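Let's take a walk through this protein, one stop at a time. Have the sequence and the 3D view ready, and follow along.

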Amino acid sequence: MLDIVEFEKVFYLYTLQNPKYFKSIKHEFFDNEDLGLLFKVSKAFHERFSESPSVDQIKLLTKQKQFKDKLTESLVDLVFNQNMKSYDDDWVNETTEAWILWKNLDKTIIDTIEYVKTAKVTPQNIKEIVSKTKGLFVERNSIVFDESLGLNFFDPLSHKIASENKITSSHSWVDTRSSGGYSLKTLIVYAGEQNIGKSIWLANDAVKYIKDGHDVAFISAEMAEGDVIQRIGANMLNVPMSKYEKFAKEPKKLQKKLASLSGAIIPPGNLYVKEFPTSQATVNDLESYLRSLEDSKGIKLKVIIVDYINILANQRNPNTENTYMKIKQIAEDLRAMAQRNEWIVITGTQINRSGYDSSEINMGNIAESAGLSHTADMMYGIIQDSSMHLNNEYWLKILKIRKGSGKNSKCRYTINYDYMRLEETDEIVNSLT
């Protein structure tokens, strides 16, 4: 395990590689005085020349009279001999930013205590002192590491980004109503009653995105990993569910089927299926796994499917019994995860009992949380009453569409349970909304 000096060497060298951090660090943050002084010299150089100093430039700076007997070339060599390549980039980034946040907070607390102790408090100035104390915390700890200044309206390239970041919704009738499908950084939700087949819809989405060449991760907090693989395999490999277990025991046949997918005109994307314990995994747990997956496999995921939102754990209020707040906050965290990583996150949710075995569904049937519908970018209602089930059909209804038209429109689908495969039909009921 690294000691504090080794940590601070890493933070110093990482700041030289990423000068954006200079503005958020003070030399007194370093417990090691030599590193603090070295940082002070480097920051002054950056402020003057708008770039980080090189090793040779730092050595020249240490020869100045004011640094005599304080900074030496051997000290500089010792610091720069630290092998930064031996550390994971994401770990260094996360740890450095955490250190910056903590050191800013720590110094703010110390300075605030000192200010309060020395301030002469009177009934007349108490409001001013309280306001200044609050201001110290807000001003010093409002640190944003993202340097993006947003899009420039008058730059033509800014107007192309939205269209370039869209992929098909996997429903052609929805694509025509949403200018081509889903944008990245969005949250898509399928709503349906218990056991109506939300997982079937999610698995079918996975199949379509894989066939389109996108890398997909399927997170299951309900079904076992093997069951998810079997459902998707039956659909993609055209093997009936009833025969899949036996088929999976014949590796040569299975390999031949898988090879046939690779020979398609559009090479298939990757699929990774991960099971998490029911009601135990938080969005932080999912994001940590997904980012680790991207790094270890050298891929960029496009679509994240989460089965399903109601059985995730709420990282912000783990013990809350308020289901409205739980689902609202998990939805917000899922969408924030999508935004941070430029993913499309697709999940499912339960409706309340008033919508069970019904030939219609509306927003009033969404279980537990209006906050979920407020957060989602697109929300569908899955409709299947008893007669529809006998006829192997569903209706899919647009309950909410943030970017597009066609709210309350719906389309009929057929379902082949042998292959767990949904097929869109031309039977569409359009809404005037």
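Find Ile-109 to begin with: it sits in helix H5. This is a predicted model, so keep that in mind as we go. Is Ile-109 buried or exposed? Neither label fits, because its relative accessibility is 33%, and partly exposed covers the range between under 20% for buried and over 50% for exposed.

Ile-109 has company out there. Together with Trp-102, Leu-105, Ile-113 and Phe-137, Ile-109 makes a nonpolar patch of about 420 Å² on the surface. Helix H5 is the top contributor to this nonpolar patch, supplying four residues.

Helix H5, which runs over residues 89-118, also turns up in a patch of another kind. On the surface, negative charge gathers where Asp-88, Asp-89, Asp-90, Glu-94 and Asp-295 come together. Which helix gives the largest share of that negative patch? Again it's H5, with three residues. Asp-88, for its part, belongs to the loop between helix H4 (73-80) and H5. With a relative accessible area of 45%, Asp-88 is partly exposed, because the exposed label needs over 50%.

Now for the rings. How many aromatic pairs does the structure hold? There are 17 of them. Take Phe-7 and Trp-91: their ring centres are 6.1 Å apart and their planes meet at 35°, which makes the pair tilted. This pair links distant parts of the chain, since Phe-7 is in helix H1 (residues 4-17) and Trp-91 is in helix H5, 84 residues apart. Trp-91 itself is partly exposed, at 33% relative accessible area.

Compare that with Phe-276 and Tyr-289. Their ring centres are 6.0 Å apart and their planes are at 75°, so this pair counts as edge-to-face. Phe-276 is found in the loop between strand S5 (271-275) and helix H13 (283-297), while Tyr-289 is in helix H13, so the pair ties together parts that are 13 residues apart in sequence. Phe-276 counts as buried, because its relative accessibility is 13% and the cut-off for buried is under 20%.

One last stop takes us back to Phe-7 and Trp-91. Both are members of a cluster linked by ring pairs, along with Phe-11, Phe-22, Phe-29, Phe-30, Phe-39, Tyr-87 and Trp-99. Try picking out these rings in the 3D view.

Notes: Residues numbered from 1 in each chain as written. Predicted model: local features only at pLDDT ≥ 70, side-chain atom pairs only at ≥ 80, totals over all residues. Heavy atoms only, no water. Patch = residues over 30% accessible without salt bridge, like charges linked within 9 Å, V, L, I, M, F, W, Y side chains within 5 Å. Areas by Shrake-Rupley, 256 points an atom, 1.4 Å probe, with all protein chains shown as cover. Salt bridge = Lys/Arg side-chain N within 4 Å of Asp/Glu carboxyl O. Lys, Arg positive; Asp, Glu negative; His and termini not counted. Charge placed at Lys NZ, Arg CZ, Asp CG, Glu CD. Helix = DSSP H or I, 4+ residues; strand = E, 2+ residues; numbered from the N terminus. Buried < 20%, exposed > 50% of the residue type's maximum accessible area, 1.4 Å probe, protein only. Phe/Tyr/Trp six-rings, centres within 6.5 Å; stacked < 30°, edge-to-face > 60°.
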